[in-house]
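Take a look at the chain below. Read it from one end to the other before moving on to the text.

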Amino acid sequence: MCMAEVAQSEKGESNSELALECDGCGAHVDKLFQRNLCKTCLVQSFRGVVQVIDYYRAGGGGSEPAPHS
Ligand SMILES: [Zn+2]
């Protein structure tokens, strides 16, 4: 008899873990990343950061060290 395993698997089906809401698109997901963003929004934010970096690279400000986040 292994009642403990049954109880654990039932507990694992609880959707209480899905209460996270993305700050970007408002989607309810089971996991949030930086800045309370879902994976989709996080990827989009990264693309935005890359564009900013490209802007500064093109601007010739490369001698300045990267700011601390
Ligand atoms: Zn999102």
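Where is R35 found? R35 sits in the loop between β2 (28-29) and α2. Keep in mind that this is a predicted model.

**The overall plan**

The chain holds 2 helices and 2 strands. Starting at the N terminus, the order of the elements is α-β-β-α. Of the 69 residues in the chain, 4% are buried. Now consider contacts between residues at least 6 apart in sequence. Of these, 0% join residues at least 24 apart.

**Helix α2**

Helix α2 covers residues 39-59, which makes 21 residues. How far apart are its end C-alpha atoms? They are 30 Å apart. At 1.5 Å a residue, the helix should span 30 Å, so the two values agree. An α-helix has 3.6 residues a turn, so residues three or four places apart point the same way. Is α2 largely buried or largely in the open? The number of buried residues among its 21 is 1, so α2 lies largely in the open.

**The loop before α2**

Go back to the loop between β2 and α2. N36 is found there, and R35 is too. Most residues other than glycine have a negative phi. R35 is not a glycine, yet its phi is positive, at about 60°. N36 is also a residue other than glycine, and its phi is positive, near 55°.

How exposed are these residues? R35 has 11 other C-beta atoms within 10 Å, and a residue with 12 or fewer is exposed, so R35 counts as exposed. N36 has 13 C-beta neighbours inside 10 Å, so N36 counts as partly exposed.

**G24 and its neighbours**

Where is the place of G24? G24 lies in the loop between β1 (20-21) and β2. With 16 C-beta neighbours inside 10 Å, G24 counts as partly exposed. Which residues does G24 touch, leaving out those up to four places away in sequence? They are L37, C38 and C41. G24 can also be compared with S45: the two are 21 residues apart in sequence. In space, their C-alpha atoms are 9.5 Å apart.

The table lists the neighbour counts for the three loop residues.

| Residue | C-beta atoms within 10 Å | Class |
|---|---|---|
| R35 | 11 C-beta atoms | R35: exposed |
| N36 | 13 C-beta atoms | N36: partly exposed |
| G24 | 16 C-beta atoms | G24: partly exposed |

Notes: Residues numbered from 1 in each chain as written. Predicted model: local features only at pLDDT ≥ 70, side-chain atom pairs only at ≥ 80, totals over all residues. Helix = DSSP H or I, 4+ residues; strand = E, 2+ residues; numbered from the N terminus. Expected span 1.5 Å × (residues − 1). Buried ≥ 20, exposed ≤ 12 C-beta atoms within 10 Å, placed from the backbone. Contact = placed C-beta atoms within 7 Å.
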